[in-house]
Amino acid sequence: MTTASVESADVIRLILQFCKENGLHRTLQTLQEESRVSLNTVDSLDGLMGDINHGRWDIVLQAVSYLSMPDAIMQDLYIQIILELAEVRETDLAQQLLRETAPMMAMKQETPERYLRLEALLKKSYFDPREAYDGLPKEKRRSEVAQAMGKHISVAPPSRLLVLVGQAMKWQQHAGILPANARIDVFRGVAADVVEEREQCPTMIAKKVKFGEKSHPECACFSPDGQYCVSGSVDGFVEVWDYQTAMLRKDLSYQEEGSFMMHEKAVIAVAFSRDSDLLATGSQDGQLKVWRVASGQCVRRYEKAHNEGITYIAWSKDSSQILTASFDSTARAHGLKSGKTLKEYRGHTSYVNSAVYTRDGAKVITGSSDGHVMVFDAKTTEQISVITPPPPPHLSSTMHYSVNAALVAPQPPGQAGDSDDAMIFVCTRTNVIQMMNLQGQVLKSFSSGRREKGDFVGMVLSPKGEWLYAVGEDHKLYCFSIASGALEQTLKVADKEVIGLTHHPSRNVVAAFASDGTLAFLRP
């Protein structure tokens with residue numbers, strides 16, 4: 001696909017036309033002066049030519065105030081207007097145009113003899129058309145002025161800026177980038193006032209991305225604004241998908257050209273900043289990169305964010321810091337502006353599989369393969385508490401079971417609260433997920449009900465906290481109602497091990513990524 005180039009001057013002309021049509025005359029004049037770009041268009045060239053030929057000079061003067069013409073043509077136009085005013089004995093107005101308008105001032109400097117002749121004609125007590133119009137009929141002089149001006153004027157259909165924006169929005173809706181039949185925030189390029197769907201659990205695989213034979217997705221996440229779904233794969237590629245079509249987002253020019261965001265090693269963690277502008281990616285060798293998704297440009301690189309692979313990424317509330325978990329048994333916070341590692345949270349004796357901030361950003365909660373959940377002071381890195389999730393009754397109570405993830409529950413809409421009353425969901429490598437408080441009390445348990453191949457490997461919470469979704473060793477999605485604790489639905493989502501899940505921020509769409517090389521989008 002060829003890339004269409006747009007001249008910056010054409011963009012300015014679109015804005016100038018918008019200003020003209022909406023009566024923003026001072027803005028139009030200032031923009032023309034500062035940009036040195038003139039509109040030089042009329043809604044109807046035939047209309048302007050007709051106004052000149054019929055001597056409707058009030059309309060003509062208003063129209064040419066937005067045009068940029070060669071000095072000689074503008075001077076000829078003003079001479080014709082001044083002579084016709086003199087002919088009808090509007091001498092005062094004619095003299096005002098002669099002495100105060102820019103074309104006449106320029107003529108006084110460039111060709112003073114023409115200026116003096118015109119001034120002398122106005123002082124006479126009578127008007128001689130033959131002398132004034134050089135022996136030509138007045139209508140012939142008008143026609144010559146009109147023809148000369150017409151060569152320098154282009155015709156633009158009205159409201160071009162709004163038409164082009166409307167066409168672009170229709171194309172984005174057709175391509176699935178913007179939702180159909182929704183009010184659009186044109187400036188941000190997203191649906192305005194998106195009405196979130198009533199939360200429902202998925203019942204089917206709506207779309208599926210199939211990766212190449214030697215590749216599979218290791219991680220995936222949706223952007224907070226819901227526009228993008230990004231995957232990181234075992235071959236180092238970071239790809240942006242349209243979750244409605246399961247196709248690559250070709251509106252991102254770098255992907256259309258085959259130039260992708262990449263790492264040299266497998267990408268095993270991804271996360272968006274709160275404004276959806278930046279994407280952090282972590283690889284198997286401990287490298288952390290930050291990308292600007294719209295352009296595919298790498299804006300920050302941490303060569304050794306960790307000594308081993310990065311397993312999980314979360315952004316701070318203000319998106320100024322990036323929290324990472326790693327196989328090296330630590331979690332670390334990295335400054336976006338400084339490009340340096342700022343803090344390290346230590347205490348685990350095995351892989352740290354997740355690291356998240358509490359909602360107020362005051363604490364960091366980590367989950368590890370050593371079987372423990374740790375709560376840290378985010379600023380001081382001091383360890384506040386260690387939580388050991390109890391195993392299910394059928395398993396040995398003397399063993400610790402790997403914590404795959406420890407996630408903070410979403411705050412219900414309209415409910416205030418701080419980190420001390422936060423609820424966490426802890427997914428261990430057992431057939432039970434537990435909802436706990438930060439004091440380590442188990443408030444509710446969610447079980448697959450299976451002792452064989454029923455252990456959970458990953459989980460995700462719905463945006464409003466109504467549903468808990470988990471994937472088991474049996475490649476199935478388990479859908480739990482958090483309110484009742486009941487298992488409401490199961491769905492097979494892959495043929496091989498499901499690596500993890502991610503949830504759309506406002507739609508009932510869950511994405512499951514698996515080692516069989518699929519990224520499946522699940523819907524009710």
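This is a walk through a predicted protein model, from its nonpolar cores to its helices, salt bridges and strands.

Let us begin on the inside. The largest nonpolar core of the model has 36 residues. Those with the most contacts inside this core are I52, L77, I82, M104, L118 and M149. Many helices take part: α3 (45-53), α4 (57-64), α5 (71-87), α6 (91-100), α7 (102-110), α8 (112-123) and α10 (138-150) each supply at least two residues of the core. Which helix gives the largest share? That is α5, with ten residues. To get a feeling for the packing, pick out M149 in your viewer. Setting aside residues up to four places away in sequence, M149 touches I52, V64, M69, I73 and L77. Apart from this core lies another one, of 29 residues, and I387, I424, F425 and A470 are among them.

Now turn to one of the contributing helices, α6. Its buried residues are T91, A94, Q95, L97 and L98. Why do they sit on the same side of α6? They do so because they cover an arc of only 160° around the axis. A general point about helices helps here: an α-helix has 3.6 residues a turn, so residues three or four places apart point the same way. Look at the other side of α6 and you will find D92 and E100, which are exposed. As for the buried residues of α6, what covers them includes α5, α7 and α8.

Next, find R142, which is placed in helix α10. Is this arginine buried or exposed? R142 has a relative accessibility of 10%, and because anything under 20% counts as buried, R142 is buried. The side chain of R142 has a polar partner there: it makes a polar contact of 2.7 Å with the side chain of E84. Leaving out neighbours within four places in sequence, the residues in contact with R142 are I52, N53, H54, G55, W57, Q80 and E84. You have already met I52 as one of the residues with the most contacts inside the largest core.

Charged side chains can also pair up, and the model has 17 salt bridges in total. One of them joins the side chains of D76 and R114, with 3.1 Å from N to O. This pair links distant parts of the chain, since D76 is in helix α5 and R114 in helix α8, 38 residues apart. Both partners are partly exposed: D76 has a relative accessibility of 34%, and R114 has a relative accessible area of 33%.

A second salt bridge brings together the side chains of E87 and K138, at 3.4 Å from N to O. E87 lies in helix α5 and K138 in helix α10, so this pair ties together parts that are 51 residues apart in sequence. Here too the partners are partly exposed, with relative accessible areas of 27% for E87 and 22% for K138.

How do the partners look in the salt bridge between R141 and D134, whose side chains meet at 3.8 Å from N to O? R141 is buried, with a relative accessible area of 13%, whereas D134 is exposed, at 55%. Salt bridges can also form a network, as they do among D328, R332, E344 and R346.

Finally, let us visit some strands, with β8 (residues 237-242) as our guide. Strand β8 is mostly covered, with five of its six residues buried. Strand β7 (residues 229-233) runs antiparallel to β8, and four bridges join the two. Along this pairing, S231 stands opposite E239 in β8. Together β7 and β8 form a hairpin with three residues between them, and G236 in the turn has a positive phi of about 90°.

Strand β8 has further partners. Two bridges join β8 to β9 (residues 247-248), and these strands run antiparallel. Here D242 stands opposite M247 in β9. This pair is also a hairpin, with four residues between β8 and β9, and A246 in its turn has a positive phi of about 60°. Strand β10 (residues 261-262) is likewise joined to β8 by two bridges and runs antiparallel to it. In β10, M261 is the bridge partner of V238.

Key. Residues are numbered from 1 along each chain as its sequence is written. This is a predicted model: local features need pLDDT of at least 70, side-chain atom pairs count only at pLDDT 80 or more; totals for chains, interfaces and linings use all residues. Side-chain values use heavy atoms; hydrogens and water are left out. A nonpolar core is a set of buried Ala, Val, Leu, Ile, Met, Phe, Trp, Tyr and Cys residues joined through side-chain atoms within 4.5 Å. Buried means under 20% relative accessible area, exposed over 50%, partly exposed in between (1.4 Å probe, protein chains only). Contact means heavy atoms within 4.5 Å. The arc is that of the directions from the helix axis to the C-beta atoms. A polar contact is a pair of N or O atoms within 3.5 Å; within protein, one must be able to donate a hydrogen and the other to accept it, and residues adjacent in sequence count only if both atoms are side-chain atoms. A salt bridge is a side-chain nitrogen of Lys or Arg within 4 Å of a carboxyl oxygen of Asp or Glu. Two strands pair if DSSP finds at least two bridges between them.
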